[in-house]
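Trainee: Please take one part of this model and walk me through it closely. I would like to follow its surroundings outward from there.

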Amino acid sequence: MTVRTIVDREQVAAEARSQIEVLAEEVRRRRRERGLSLEQLGTLAGVSRSMISKIERAEAVPSTTVLSRLAEALDVTFSRLMTPAVEREVLLIPASRQPVLRDEASGFLRRCISPVLPGRGIDWVLNTLPPNGSTGEFVAHRRGVSEYIFVLKGRLRATVGERSIVVEEGDSLYFEADAGHAFANLGPEPCQYFLVIDASRAR
């Protein structure tokens, strides 16, 4: 192993730790802003008090499903829990600064590529599912939240409520996200797709 490889790994570990700390602070701050106890947030999100406590202490990395439940309970987008809001109209986000969450159990990789701007309800992420992998089911959003998908590579199955749709490479999909939904990679190679969550019309 070269010195550069060791340094690179240490840098990746440091960046991951920093992201976990940002997530911990955002969850704690937004919970307190809403006057919620750990027990109350747990009830709203369907997540155990102990798990939320560990997340707020930066001692646990939540799965994407758990994080989506917390975001919905706190009335924010996924990305707003991953990074603080900024007050800029022109904003470059280098790849190294884009928050990335990896679900260790499933291998699902979620990269937040949209800035978090005050008063905006758009969440833009780049998702990568490993071969034959699945995201697990995401909790239904509030009425008025919609999602857009574009498959960059691979073959994706989207399950929305009782409906199942196969989205091929280059295809796009739109759906109202006020029902439980899940995604699965149908192929032997990683499936990569853009996901846009629009909560600007949520009510």
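Mentor: Let's begin with Phe138, which touches Thr64, Thr65, Ser68, Phe108, Arg110, Gly180, His181 and Phe183, leaving aside residues up to four places away in sequence; contact here means heavy atoms within 4.5 Å. Before going on, keep in mind that this is a predicted model, in which local features need pLDDT of at least 70 and side-chain atom pairs count only at pLDDT 80 or more, while totals for chains, interfaces and linings use all residues. Residues are numbered from 1 along each chain as its sequence is written, and side-chain values use heavy atoms, with hydrogens and water left out.

Phe138 sits in the loop between β3 (122-129) and β4 (146-153); helices (H or I, at least four residues) and strands (E, at least two) are DSSP runs, numbered from the N terminus. Although it belongs to a loop, Phe138 counts as buried because its relative accessibility is 6%. The classes are buried under 20% relative accessible area, exposed over 50%, and partly exposed in between, using a 1.4 Å probe and protein chains only. Phe138 also lies 9.6 Å from Ala177, C-alpha to C-alpha, with their positions 39 residues apart in sequence.

One of the contacts of Phe138 is Phe183, and this takes us to the largest nonpolar core. A nonpolar core is a set of buried Ala, Val, Leu, Ile, Met, Phe, Trp, Tyr and Cys residues joined through side-chain atoms within 4.5 Å. This one has 41 residues, and Leu70, Leu81, Ile149, Leu156, Phe183 and Tyr193 touch the most other members. Helix α4 (residues 64-73) supplies the largest share of the core, five residues. Leu156 meets Phe183 too, and its other contacts include Leu129, Ile149, Val151, Cys191 and Tyr193, again leaving aside residues up to four places away in sequence.

Next, the strands. β6, β5 and β8 form an open three-stranded sheet in the order β6-β5-β8, with antiparallel pairing; two strands pair if DSSP finds at least two bridges between them. β6 (163-167) and β8 (181-185) are the edge strands, each with a single partner, so one side of each has no neighbour in the sheet. From one strand to the next, the twist averages 20 degrees; axes are lines fitted to C-alpha atoms, for helices over the stretch in contact, and angles run from 0 to 180 degrees between N-to-C directions. β5 (residues 156-160) is joined to β6 by five antiparallel bridges, and Val160 has Arg163 in β6 as its bridge partner.

The two strands on either side of the Phe138 loop also have a partner in β9. β3 runs antiparallel to β9 (residues 191-198) with eight bridges, and Leu129 stands opposite Cys191 in β9. β4 pairs with β9 over seven bridges, also in the antiparallel sense, and there Ser146 faces Asp198.

The loop of Phe138 also holds one end of a salt bridge. The term covers a side-chain nitrogen of Lys or Arg within 4 Å of a carboxyl oxygen of Asp or Glu, and the whole structure has 13 of them. Asp178 pairs with Arg143, their closest N and O atoms being 3.5 Å apart. That pair links distant parts of the chain, 35 residues apart: Asp178 is in the loop between β7 (172-176) and β8, and Arg143 is in the loop between β3 and β4. Asp178 is partly exposed at 34% relative accessible area, whereas Arg143 is exposed at 53%.

Glu168 and Arg155 make another salt bridge, with 2.9 Å between the closest N and O atoms. Glu168 lies in the loop between β6 and β7 and Arg155 in the loop between β4 and β5, so the pair ties together parts 13 residues apart in sequence. Both are partly exposed: Glu168 has a relative accessible area of 32%, and Arg155 has a relative accessibility of 37%. Elsewhere, salt bridges with shared partners join Glu26, Arg29, Arg30, Glu33 and Arg34 into one network. Within that group, Arg34 bridges to Glu33 with closest N and O atoms 3.9 Å apart.
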